[in-house]
Amino acid sequence: MTEEKKWGLSTTALHAGYSPVPMDMTPFRSFVPPVIQSAVYPLSDVDHYTRIVSDEEPGYDYGRNSNPTVDVLQKRLAALEGGEAGLATPSGVHACFVVLQHLTQAGDEILTSHRIFGEAYGMFYDMAPKKMGITTHLVEDPGDLDEWQDKITPQTRFLWAETPSNPTFFVMDIAGLAEIAHAHNIPLIVDNTLATPCLQKPLTLGADIVVHSLTKFMGGQGAIVGGSIVANKELIRNMVSTVARVGSIMSPIDAWLVLMSLETLPLRMARHSANAERLVEYLAQHPKVKGINYPSLPEHPQRELATQQMPDGFGGLLSFEVEGGREAALQVINSFRLIPIVPSFGTTRTIVTHPATHTHCNMKLEEREAVGIFDGLIRLSVGLEDPEDLIADLEQALNKLKG
Ligand SMILES: Cc1ncc(COP(=O)(O)O)c(C=O)c1O
């Protein structure tokens with residue numbers, strides 16, 4: 001672990017949590033971390049289980065509690081985020097749920113903003129009050145630190161920030177929010193899915209817990225659904241027992257697929273960022289494009305904060321609004337030849353979504369428009385293709401718009 005702390009991001013993405021050389025891997029001699037596809041593990045004697053659960057000896061007993069392949073992933077995720085420990089979950093939404101369930105009880109309150117992805121909004125604003133007795137308060141302007149401060153009550157158990165936010169790339173001040181949270185002795189939780197630890201490290205900026213959808217850039221190809229939590233050892237240890245109790249461990253094969261993808265994460269994020277910047281340059285000069293949510297543009301209102309928090313690039317997710325509203329947006333999306341319509345982001349291939357009719361269709365119109373999700377907004381997850389080919393596809397689709 002001491003060595004791991006000195007490694008750069010690329011070495012960490014390749015080596016953290018697994019070494020094929022030491023003795024513990026001798027029986028397999030596998031260069032690639034093995035997929036241990038087993039629901040149960042033999043115990044060496046009847047006391048072995050007691051030694052495992054009391055942390056006297058490392059080991060595994062039952063597949064709902066832990067798994068060696070999942071453990072490698074959890075160590076790698078923690079190392080990448082610069083945290084003490086990690087927990088992998090079967091989806092990103094489940095990671096959010098584990099944090100919510102773990103830190104609250106009936107009668108508590110939580111504080112977040114409208115600028116969170118659709119399912120988190122449903123979980124915090126609909127399910128938590130109805131099923132868990134938790135009240136969710138929302139700040140109107142997540143860029144206004146005073147509003148966060150003013151909305152904290154003695155019952156508030158945590159602050160939750162998705163930054164940058166999906167799909168409008170709103171950037172929140174992580175260090176500022178951490179200071180407010182800590183002054184009230186509560187944790188700040190950051191959803192780091194858009195940035196990944198390659199581009200933004202919330203824990204080093206003061207956050208206490210980082211959650212991810214591994215389905216997106218971390219998983220990479222759009223092949224698996226998964227999520228993760230990184231925090232201090234004690235918090236993760238307690239969350240692991242919750243996960244074992246409700247039976248929501250990630251499957252070994254999914255963990256393995258994420259591990260394989262993480263090896264190239266720094267390279268991919270650099271290319272996603274460079275390609276997105278090229279596309280933004282192109283979109284910015286197109287007469288049919290009304291506005292672009294991506295901070296590489298000098299006129300972007302949050303450019304300074306975004307550059308401070310993400311000095312190495314802004315990643316692959318951007319959105320832009322076309323002249324002509326919903327009809328025009330749908331026409332552009334339906335005209336793409338290379339770019340398929342897929343309701344996700346973070347894949348190696350470029351994909352497109354219409355948030356108003358798909359990912360955010362359950363939001364009320366006023367709420368949706370208040371956070372910039374207009375009918376004419378198109379979300380683009382920029383992949384690793386040759387940027388000229390993507391620009392050609394954008395051009396032929398945008399040029400079909402009349403007038
Ligand atoms: C920012 C963000 N976090 C978390 C999630 C949830 O991830 P999953 O789809 O893996 O449950 C999503 C899903 O869209 C998301 O956009």
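Which residues are buried in helix 14 (residues 325-335)? The views below come from a predicted model, and the opening view takes up this helix.

**View A. The buried side of helix 14.** In helix 14 (residues 325-335), the buried residues are A328, A329, V332 and I333. They cover an arc of only 130° around the axis, which puts them on the same side of helix 14. An α-helix has 3.6 residues a turn, so residues three or four places apart point the same way. The face turned away from the buried side of helix 14 carries the exposed residues E327 and N334. Three strands and a helix are shown as packing partners of the buried residues: strand 9 (317-322), strand 10 (351-353), strand 11 (377-381) and helix 16 (387-398).

**View B. One face of helix 8, under cover.** Helix 8 spans residues 174-183, and its buried residues are I174, L177, A178 and A181. Seen down the helix axis, these residues fall within an arc of 105°, so they line one face of helix 8. What lies over the buried residues of helix 8 includes helix 7 (145-151) and helix 13 (303-309). The cover also includes strand 4 (156-162) and strand 5 (188-191).

**View C. N185, just past helix 8.** N185 follows just after helix 8 and takes a positive phi of about 60°. N185 is not a glycine, yet its phi is positive. The residue sits in the loop between helix 8 and strand 5. Is N185 buried or exposed? N185 has 6 C-beta neighbours inside 10 Å and counts as exposed. The limit for an exposed residue is 12 or fewer.

**View D. T196, a second positive phi.** T196 has phi near 65°, a positive value in a residue other than glycine. T196 belongs to helix 9 (residues 196-199). With 25 C-beta neighbours inside 10 Å, T196 counts as buried. The limit for a buried residue is 20 or more. Set beside View C, the burial differs: N185 is exposed, whereas T196 is buried.

**View E. The shell around the ligand.** Which residues surround the ligand? They are S91, G92, V93, F117, E162, N166, D191, T193, S213, T215, V225 and G227. By class, the shell divides into three nonpolar, seven polar and two charged residues.

**View F. E162, a shell residue in strand 4.** E162 is one of the residues surrounding the ligand, and its place is in strand 4. E162 is buried, with 24 other C-beta atoms within 10 Å. Leaving out residues up to four places away in sequence, E162 touches R115, I116, F117 and D191. Of these contacts, F117 and D191 also belong to the ligand shell. A85 provides a distance marker: its C-alpha atom is separated from that of E162 by 21 Å, and the two residues are 77 residues apart along the chain.

**View G. Two cis peptide bonds after strand 4.** T163 and P164 are joined by a cis peptide bond, with omega about -10°. P164 lies in the loop between strand 4 and helix 8. N166 and P167 are joined by a cis peptide bond too, with omega about 5°. P167 likewise lies in the loop between strand 4 and helix 8. N166 is also part of the shell around the ligand.

**View H. Helix 5 against helix 6.** Two packed helices are described by the angle between their axes and the distance between the axes. For helix 5 (residues 92-103) and helix 6 (residues 118-132), the axes come within 10 Å and cross at roughly 35°. The crossing of helix 5 past helix 6 is right-handed. V93, C96, F97 and L100 of helix 5 meet E119, A120, M123 and A128 of helix 6. This contact divides into seven nonpolar residues, no polar and one charged. V93 appears in the ligand shell as well.

**View I. Helix 4 against helix 11.** Helix 4 (residues 68-81) packs with helix 11 (residues 252-262) at an angle of about 40°, and their axes are 8 Å apart. Helix 4 passes helix 11 in a left-handed crossing. From helix 4, the contact draws on T69, V70, V72, L73 and R76; these meet P252, A255, W256, V258, L259 and L262 of helix 11. The residues of this contact are nine nonpolar, one polar and one charged.

Note on methods:
Residues numbered from 1 in each chain as written. Predicted model: local features only at pLDDT ≥ 70, side-chain atom pairs only at ≥ 80, totals over all residues. Near = placed C-beta within 6 Å. Nonpolar A, V, L, I, M, F, W, Y, C, P; charged D, E, K, R; others polar. Helix = DSSP H or I, 4+ residues; strand = E, 2+ residues; numbered from the N terminus. Arc of directions from axis to C-beta. Contact = placed C-beta atoms within 7 Å. Axes fitted to C-alpha atoms, helices over the stretch in contact; angles between N-to-C directions. Left-handed = near helix turned anticlockwise from the far one by under 90°.
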